[in-house]
Amino acid sequence: MSDTALASGVALKPAQDALSGPRGPKPKRRITPANIILYSTLFVVCIYYLLPLYVMIVTSLKGMPEIRLGNIFSPPVEVTYEPWIKAWAEACTGVNCDGLSRGFWNSVWILVPSVFLSIAIASVNGYALANWRFKGSEVFFTILIFGAFIPYQVMIYPIVIILRESGEGITSFVRFFYEDAPTIRLMGSLSGLVIVHTIFGMPILTLLFRNYFTSVPEELFKAARVDGAGFWGIYFRIMLPMSLPIFVVAMILQVTGIWNDFLFGVIYTKPDTYPMTVQLNNIVNSVQGIKEYNVNMAATLLTGLVPLFIYFASGKLFVRGIAAGAVKG
Amino acid sequence: MKLTTKLLAATAMISATAASAVELEVTHWWTSGGEAAAVSKFAEAWNATGNTWVDGAIAGSGGTARPIIISRILGGDPMGATQLNHGRQAEELIEAGMLLDLTDVAAAEGWKDIVNPPTLLDACTLDGRIYCAPVNIHSWQWMWLSHQAFEDAGVDVPSNWDEFVAAAPALEAAGKVPLAMGQQPWQSSGAFGVMTIAIAGTEAWLQVNRDKDADVAAGPEYTKVFEAAVTAREMAADSNVQDWNLATNLVITGQAGGQIMGDWAQGEFQVAEQVAGEDYTCLPGLGVNEILDTAGDAFYFPKQDDPEIEAAQKEMAAMLLSPDVQVAFNLAKGSLPIRGDVDLSAANDCMKKGLEILAGGNVLPSGDILLSPDTQGQVEDLMVEFWNDPSITAADAQARYAAIIADAD
Amino acid sequence: MNAGPHRSPITRKGGEAMSAIDAGQGRTRAKRPNRLFRNKTAKIAAIPMVATALVIFIGCTLWTVYHSFTGSRLLPAPHKWVGLDQYERLWSTNRWITSIENLAIYGACSMILSLVIGFTLAALLDRKIRFENTIRTIILYPFALSFIVTGLVWQWILNPSLGLQNVVRDWGWESFTFDPLNNPEIVIFGILIAGIWQGSGFIMVVMLAGLRGIDEDIWKASRVEGIPTWKTYIFIIIPMMRPVFVTALVLIASGIIKVYDLVVAQTSGGPGIASEVPAKYVIEKMFSSQNLGQGFAASTMMLVSVLIILIPWAYLEFGGKRRV
């Protein structure tokens, strides 16, 4: 029901030439009243969006006394890198005082498999939904979309129970064949975490992939069928090579989401493998004691670097992918 | 080393098998400077026994840390030990058989004789078995006054609540906020609790909180409290900070006359290098009713299958209460030790005042022990609304409060 | 629901493709194979999706709804049946009512503003301007930051003694007052400012992508006809972009329902209970108050309200098509 409408609708144009360039009316002269209004509006808008980033950067370069006295917009009188060093290497999490650096690689190890698996599964889902519909496939898709509206926290306990039980189930299944097989745990392991990220990334990603694959010209698909290519053949030989933009979008969304995730990261890991966001939370969210705003801001910026870098680096590809995934269909 | 010998002895009593070094993961939410320093005292002591402390700090109590702790226990992947406020929070985990029974450690170590006040141990006890190791006492019953603010206003520093109320107009005239209040729910509810004990008296407080007597909650004693709270609300109207330590900072800098806050506020004064009696005054029980409630932190040990880990858990429980560790930890944390037989000469004036009251036996169990977290949550919701919305009258608030107490379990 | 008439155009297109292939299969095969085994690989490949939909989203939702009728406290207690008690308490709680009102205000404003701002910015960027890449990146980057960070920074900018108000006063406008986070009447708009800042860039990109998909000929035709630009946008372009708006709405709406971190970081629900939201109520009742049943009852109500909004809308959507 809802999904068909939201996901589908008019195919505006084939994906290939969708993004050849701006399509608005061409401005004729450089300096016209309209242009002045246009650019000054954009200028104000940019200030609104940049202001917080500016505040974060400026604050992270000030010392605490300066922060207490001055206003938050004034540039630092005395630039200090101390907060950055503290955030990266010295801030304490309980008894461990090695800052965010501790969690950086942990976050990477969590990120890579989670992004990979969630995208792999969602893209296959989208592909099946777009090109290989079967009875009921739309029903499952609808349920998935409703899933996007449920707050994660509500699902924590039931999922914990499901993971515990299925871990035990798998263990006893394996032990049925090999009696001294080790205990398999989904709870409290990286595999459990990857599964959880895959589940919660699924609704939006599947929506994007489904819409994208629907816009692939059906002649291609038919031709491949005539050549005898099957489900996987078409997926790997035709769909994948054509889908770089949407994979970029999916990757960006997942990298942002998983990198910023705190709740699942901390439930499914051990102190030695806590992701970076746990340290960030500990620095930013301490209930008691003095708030070191400069260290908070430096830590925030450091933690945000990975997704920010990906946004800046991917630039145009992101819009292209969104154009193809969110709009077509 | 004395401590080590004692620990070895304790271990030997508990089980003869635990000889090898064990890694125990400990989750807690002590992440601020002083707290982290305190935790590291535990970690050092534990590592000195040849075992390894794996630190699992997660900042932000309640909402943040608890789902993580419970999920791990529920999912069959428990940590070696975990901090929880003692009291009724862990009841269900105990009933579900998920926490380790420490009764034999307690017996071997003689906890019954050393833990003071004994209510702390009661909070760890369910059906006669002991399930947690209390490590410190925190008390809410304090008021902190800024000497500078009263000097600027040209009045003497008050010695009790009534004098404070009387001095409020002078403070206001001098451009001060009479009463600094953070706006988080637990602060609103805590300050109300302090006022209740001071104004309605311990008797009425116990009848409401322990016996859940809604008639008393609706009665005249409590009416006085709610009326006083309305006055306090007016005095705090201009205090627009969220965090408790920012409110404390208003007192430190002399912008506010005073603040009702627990003994942890003392750390802030210390950091600001203020001296008790010269720069600030601490009034236990608002100077009216010198009594302390005894909330605090405790460690619980989730059950694990491994006998080696279990032995180590018991060893750790014994260690947490040992005298040297208690002193080191509580001096760093600014809280009171759970045993009266240790030397705390290093403590400052306010802390010593607290110790005296404690030694005199003027103690109350804390709300954590008497009320379920659910009821506490409801009271907090009511209080934060009441403190921030001047349109709620004392009578309205009292009626709603009585209704919550009537439903409490 | 994917049967016949109520399909929007593209689904129909896909459907036709499928039926063409089905027809081809029909010709080569004499017997129709068992329905279950048709499309076998696709069905196997969809197992993770089906399992997630059934076990996680349906299963866990039912589990939650069931437990909302129990007196579960710290741990799920399926045997402590209490009927509708949790719901009675929920609806007699001031804080919950305030939360719902706040969500309604925040939701309506956020939806309208995100769409309007997103579309306007996209339209501005689409006018062959210079520095398009830079400006787009600037508008989009907040989306990379978490809500915790967003809330924290805006809490600071809106702090009267540190932030905006203070700066404007320093400039000489002494009576300037802008203190939304400490004013119960308008605190929700303080949160809105931050929420829009974080999310509108993404909506803008979605809109921009939609605009780029509009055929150049439409613009040419409207210019030939002499229709003013703003009229072209409102009466021609926007109706053509309907599916884009729908996608954007789903993205915005799913975010609105879940808004939690932002409020926690920015105001913790204060002053008083003036900026409480339902997700925060749910989470705090579940984990701080250790009353799972109450939290589940509240989250069930949230789900019901999602359904109440989505079902009539979907009905209109498809009901309308059927009549054509």
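This briefing walks through a predicted model, one topic at a time. Chains A and C come out as helices with zero strands, while chain B has an open sheet of four strands. Chain B is assigned two domains, and 22 of its residues are in contact with chain C. Let's go chain by chain, then look at where things touch.

**Chain A: helices, and how confident the model is**

- Chain A has 14 helices and zero strands, so if you walk along from the N terminus you meet nothing but α elements, given the way helices and strands are assigned here.
- Of its 329 residues, 55% count as buried.
- Take the contacts in chain A between residues at least 6 apart in sequence: 75% of them join residues at least 24 apart.
- The average pLDDT of chain A is 80, and 86% of the residues score at least 70.
- That score varies from element to element: helix 1 (residues 2-7) of chain A has the lowest mean pLDDT, 36, and helix 5 (residues 101-131) of chain A has the highest, 91.
- Keep an eye on the start of chain A, because pLDDT is the predictor's own confidence in each residue. Over residues 1-20 of chain A it stays under 50.
- For that same stretch of chain A, the model still has 63 contacts beyond four places in sequence.

**Chain C: helices again**

- Chain C has 15 helices and zero strands.
- It has 324 residues, and 48% of them count as buried.
- Among contacts in chain C between residues at least 6 apart in sequence, 69% join residues at least 24 apart.

**The sheet in chain B**

- Here you'll find an open sheet of four strands, in the order 8-9-7-10, with mixed pairing.
- Strand 8 (177-180) and strand 10 of chain B sit at the edges, each pairing on one side only.
- On average, neighbouring strands of this sheet are turned by 20° against each other, direction ignored.
- Strand 8 of chain B runs parallel to strand 9 (residues 256-260) of chain B, and three bridges join the two.
- To spot strand 9 of chain B from its neighbour, find B:Leu179, which stands opposite B:Gly258.
- Strand 7 (residues 142-146) of chain B runs antiparallel to strand 10 of chain B, with five bridges joining them.
- B:Trp142 is a handy landmark too: it stands opposite B:Pro284 in strand 10 of chain B.

**A closer look at strand 10 of chain B**

- Strand 10 covers residues 280-284 of chain B, and five of its five residues are buried.
- Which residues are buried on each side of strand 10 of chain B? One side has B:Tyr280, B:Cys282 and B:Pro284, and the other has B:Thr281 and B:Leu283.
- So an edge strand, which pairs on one side only, can still be covered on both faces, going by the 20-neighbour cut-off for buried residues.

**Two domains in chain B**

- The assignment gives domain 1 (2-138 + 295-363) and domain 2 (142-293 + 364-407) of chain B.
- Their centres, taken over C-alpha atoms, are 30 Å apart.
- Where they meet, 21 residues of domain 1 of chain B are in contact with 20 residues of domain 2 of chain B.
- On the domain 1 side, helix 7 (119-123) and helix 18 (349-359) of chain B are the elements that give two or more residues.
- Helix 18 of chain B provides the largest share of that side, six residues.
- By class, that side divides into six nonpolar, 12 polar and three charged residues.

**Where chain B touches chain C**

- 22 residues of chain B are in contact with 20 residues of chain C.
- On the chain B side, the elements giving two or more residues are helix 3 (62-74), helix 4 (91-95) and helix 20 (373-388).
- Which of these gives the most? Helix 20 of chain B does, with eight residues.
- That side of chain B has seven nonpolar, nine polar and six charged residues.

**One residue to find: B:Ala318**

- B:Ala318 is in helix 16 (residues 307-320) of chain B.
- Why does B:Ala318 count as buried? Because B:Ala318 has 24 C-beta neighbours inside 10 Å, and 20 or more is enough to be called buried.
- B:Ala318 and B:Gly377 are 59 residues apart in sequence and 33 Å apart in space, C-alpha to C-alpha.

Note on methods:
Residues are numbered from 1 along each chain as its sequence is written. Chains are lettered from A and ligands numbered from 1 in the order in which they are written. This is a predicted model: local features need pLDDT of at least 70, side-chain atom pairs count only at pLDDT 80 or more; totals for chains, interfaces and linings use all residues. A residue is buried if 20 or more other C-beta atoms lie within 10 Å of its own, exposed if 12 or fewer, and partly exposed in between; C-beta atoms are placed from the backbone. Two strands pair if DSSP finds at least two bridges between them. Two residues are in contact if their C-beta atoms, placed from the backbone, lie within 7 Å. Ala, Val, Leu, Ile, Met, Phe, Trp, Tyr, Cys and Pro count as nonpolar, Asp, Glu, Lys and Arg as charged, and the others, Gly among them, as polar. pLDDT is the predictor's confidence in each residue, from 0 to 100. Axes are lines fitted to C-alpha atoms, for helices over the stretch in contact, and angles run from 0 to 180 degrees between N-to-C directions. Domain bounds come from an automatic or database domain assignment.
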